[in-house]
Amino acid sequence: MSDVYLVGAGMTEFGTFEDKSVKELGGESVYRALQSSGVDKEDVEFASCGNFGSALFGAQGKTVGQLSLKEVGITGIPVVNVENGGATGAQSFQTAWAEIASGRSDVAIALGVEKMSGIETDEMLDVMANAGDRELEGGNGITWPGLFAMIARRRMHDAGTTREQMAQVAVNHHQNATENPYAQRPADITMDDVFNSPIVADPLRLYESCPTTDGAAAVILASESVVEEYTDDPVRVAATTQLSGTYPDDLDIARAETVGEAATRAYDEASMTPDDVDVVEIHDAFSVEEPIYLEELGFCEFGEGDELVENGETQLDGQIPFCPSGGLLARGHPIGATGIAQLVELYWQLRGEADGRQVPDAEVGLSQIVGTFVNIDYGCVIVNILEQA
């Protein structure tokens, strides 16, 4: 197995773009990644593209990878289109990583793209039911906001999490996004702003829930044998792991044990511990997720994540900065692109290129994302660890 390195990264601005198609967004992200890398398009031997369901959102839904790459003149190579719920972008990355690690190719592109605007909220919730058991759960009224609202209520009961602690996550991430030119919802908000925003699913409010987003992101991967041809400052993939849940009937929804197991496997693969990690990007689609993942990723024990948030330890100058990009809450969540966008942010952080949101002396970054729910358990969890080479 070859070591795999990131040698380029790029993304579009995240937001609502009525004048841009899926293929245009995808092509723009690939173009920016190529420009950042020095890789010629003729060097690319393989590509994977993550797209959750643009057809369901009323846009192009098939051959999205081929069409996006055609926008920048990359043709005649294997292109794989992948989907795995909210982890779709990270799945695209793992697909390209495996191609390089196996030795089949030396240079690959992993991109993710989604165009979600243009449909009403009820239609959006119906589309998102496809990321779970549509017949059993979606058909009986479970929605993603509703699910995380239930998790929040259970968390408040079991761990003593307060509304203020959850709201602080939203304040932190939106503040981080004010330094991210790609973010959809940068906002210097206060706790009062969070509590005065509309209820999405009680107790979660608008600023505590990710927005509907259009956007794309791409990274370029290279093998150990060619990496020095493209950069003197690559970022190595230290670990990439994926896991599905066990779907017990007595699941403790205040925990995320599948996330914890995936993280344990990633640390083992990287020969690291949580103490080695300097910066983290998580699946913060809803504010309650941050304290849960703080615990499951090994940074503290159960019930202690809320206190770390409250004490500022997840802010940029804290003990373990979470989501300097603004995360899903503020950067935005174009489903097929999000897992790649997390890696783009970590790539910039580890190279010292994150400008006003730069985490000092960042050498190791971790990304975590969840994709689907089955029996209210995580149907897909992907954890990646990157390090300065």
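The domain assignment divides the protein chain of this predicted model into two parts, each built from two segments of sequence: domain 1 covers 4–119 + 213–238, and domain 2 covers 130–209 + 239–388. The C-alpha centres of domain 1 and domain 2 are separated by 23 Å. Where the two domains touch, domain 1 contributes 48 residues and domain 2 contributes 40 residues.

The contact between domain 1 and domain 2 buries about 3,400 Å². Carbon and sulfur atoms account for 66% of that area. Polar interactions are also present: 14 residue pairs, both members at pLDDT 80 or more, are in polar contact between domain 1 and domain 2. On the side of domain 1 that touches domain 2, at least two residues come from each of β1 (4–11), α3 (88–101), β4 (107–115), β7 (214–223) and β8 (235–243). Of the contributors to this side, α3 gives the most, with seven residues. By residue class, the side of domain 1 that touches domain 2 has 24 nonpolar, 18 polar and six charged residues.

Charged pairs can be taken next. Two salt bridges are counted between domain 1 and domain 2. R236 and E387 form a salt bridge through their side chains, with an N to O distance of 2.7 Å. By the assigned bounds, R236 falls in domain 1 and E387 in domain 2.

The count of salt bridges by this rule comes to 18. A salt bridge also links the side chains of R351 and D233, at 3.9 Å from N to O. The cut-off for a salt bridge is 4 Å. R351 sits in the loop between α12 (335–350) and β10 (364–370), while D233 sits in the loop between β7 and β8, so this pair ties together parts that lie 118 residues apart in sequence.

The database record draws its own boundaries. An unreviewed UniProt entry places the feature "domain: Thiolase N-terminal" at residues 4–225. Residues 4–225 are 37% helix and 18% strand, and the C-alpha atoms at the two ends of the span lie 10 Å apart. The unreviewed UniProt entry also places "domain: Thiolase C-terminal" at residues 252–375. For residues 252–375 the end C-alpha atoms lie 12 Å apart, and the span is 39% helix and 10% strand.

Two details of the backbone remain. The peptide bond joining D202 and P203 is cis, with omega of about 15 degrees. P203 belongs to the loop between β5 (199–201) and β6 (204–205). Further along the chain, Y247 has a positive phi of about 60 degrees, although Y247 is not a glycine. Y247 is located in the loop between β8 and α8 (257–270). Both P203 and Y247 fall within the bounds of domain 2, in the segments 130–209 and 239–388 respectively.

Terms used. Residues are numbered from 1 along each chain as its sequence is written. This is a predicted model: local features need pLDDT of at least 70, side-chain atom pairs count only at pLDDT 80 or more; totals for chains, interfaces and linings use all residues. Side-chain values use heavy atoms; hydrogens and water are left out. Domain bounds come from an automatic or database domain assignment. Contact means heavy atoms within 4.5 Å. Buried area is the accessible area (1.4 Å probe) that two parts lose on being put together, summed over both. A polar contact is a pair of N or O atoms within 3.5 Å; within protein, one must be able to donate a hydrogen and the other to accept it, and residues adjacent in sequence count only if both atoms are side-chain atoms. Helices (H or I, at least four residues) and strands (E, at least two) are DSSP runs, numbered from the N terminus. Ala, Val, Leu, Ile, Met, Phe, Trp, Tyr, Cys and Pro count as nonpolar, Asp, Glu, Lys and Arg as charged, and the others, Gly among them, as polar. UniProt positions are given in the numbering used here, feature names are shortened, and annotations may be inferred rather than shown by experiment.
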